[in-house]
Amino acid sequence: MTLPTHPFGREITADSISAQMAAASGWEDRYRTVIQLGKQLPALPEALKQDQLKVSGCESQVWLAHQQDAGVFHFAADSDARIVRGLIAVVLAAYDGKTAAQIQAFDIDSYFDSLGLMAHLSPSRGNGLKAIVEQIKALATA
């Protein structure tokens with residue numbers, strides 16, 4: 001099955017999201033930006049919402065599918081929670097369209113720090129976000 005296409009990692013990059021967040025005036029603006037990014041994430045087809053594609057460690061339901069083409073990884077993901085869809089979009093902007101080496105080398109902690117998100121997420125949501133990142137890194141090393 002082909003993954004749904006999305007703008008993350010191509011038109012919407014980690015750098016463009018960092019710039020948007022830097023221009024935001026406070027946490028509410030950042031939160032709205034994350035929600036808006038989530039709205040641009042296409043829904044995952046029901047056929048891909050399988051138990052083996054669920055990300056464990058997330059409070060919400062999160063599915064993560066991937067394809068590798070000529071050494072480049074493409075991801076599609078979805079969640080039943082609005083804010084989590086936005087957080088997924090933030091992660092996909094960093095990792096989609098990258099090689100395994102680029103995925104491993106990307107400093108996700110600095111990226112999250114630059115966005116000013118982690119301090120405002122509940123511990124369970126922060127742990128879920130880290131679980132998504134860890135699953136992507138694991139796929140890239142498999």
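Student: Which helix gives the most residues to the lining of the largest cavity?
Tutor: This is a predicted model, in which local features need pLDDT of at least 70 and side-chain atom pairs count only at pLDDT 80 or more, while totals for chains, interfaces and linings use all residues. Residues are numbered from 1 along each chain as its sequence is written, and side-chain values use heavy atoms, with hydrogens and water left out. Helices are DSSP runs of H or I with at least four residues, strands are runs of E with at least two, and both are numbered from the N terminus. α3 and α6 each supply at least two lining residues, and the largest contribution, five residues, is from α6.

Student: What is the volume of the largest cavity?
Tutor: A cavity is a set of points on a 1 Å grid over the protein atoms alone where a 1.4 Å probe fits but cannot get out, and its lining residues have an atom within 4 Å of a point. Points are joined across faces, edges and corners, and the volume is the space filled by probe spheres set on them. The count is one cavity of 30 Å³ or more. The volume of the largest is about 90 Å³.

Student: How many of its lining residues are nonpolar?
Tutor: The lining includes Val62, Leu87, Ser124, Arg125 and Ile132. Ala, Val, Leu, Ile, Met, Phe, Trp, Tyr, Cys and Pro count as nonpolar, Asp, Glu, Lys and Arg as charged, and the others, Gly among them, as polar. Three lining residues are polar and two charged, and the nonpolar ones number six.

Student: Which element supplies the largest share of the largest nonpolar core?
Tutor: A nonpolar core is a set of buried Ala, Val, Leu, Ile, Met, Phe, Trp, Tyr and Cys residues joined through side-chain atoms within 4.5 Å. The largest has 41 residues, and Ile17, Tyr95, Tyr111 and Phe112 touch the most other members. Elements that each supply at least two of its residues include α1, α2, β1 and α3. The largest share, eleven residues, comes from α3.

Student: Why do the buried residues of α1 lie on the same side, and what arc do they cover?
Tutor: Buried means under 20% relative accessible area, exposed over 50%, and partly exposed in between, with a 1.4 Å probe and protein chains only. In α1, Ala14, Ile17, Ser18 and Met21 are buried. An α-helix has 3.6 residues a turn, so residues three or four places apart point the same way. The four residues are on the same side of α1 because their arc, taken from the directions from the helix axis to the C-beta atoms, is only 105 degrees.

Student: Is Ser18 buried or exposed?
Tutor: Ser18 lies in helix α1. Contact means heavy atoms within 4.5 Å, and Ser18 touches Tyr111, Ser114 and Leu115, not counting residues up to four places away in sequence. Because its relative accessible area is 17%, Ser18 is buried.

Student: How far apart are the C-alpha atoms of Leu37 and Val90?
Tutor: Leu37 lies in helix α2 and is buried at 3% relative accessibility. Among the residues it touches are Phe8, Ile17 and Val90. Leu37 and Val90 are 53 residues apart along the chain, and their C-alpha atoms are separated by 7.5 Å.

Student: Where is Ala70 found?
Tutor: Ala70 counts as exposed, at 79% relative accessibility. Its phi is near 55 degrees, a positive value in a residue other than glycine. Ala70 is in the loop between β1 and β2.

Technical notes: 1 Å grid on protein atoms, 1.4 Å probe; cavity = no way out; pocket = protein on both sides within 12 Å on 5 of 7 lines; lining within 4 Å.
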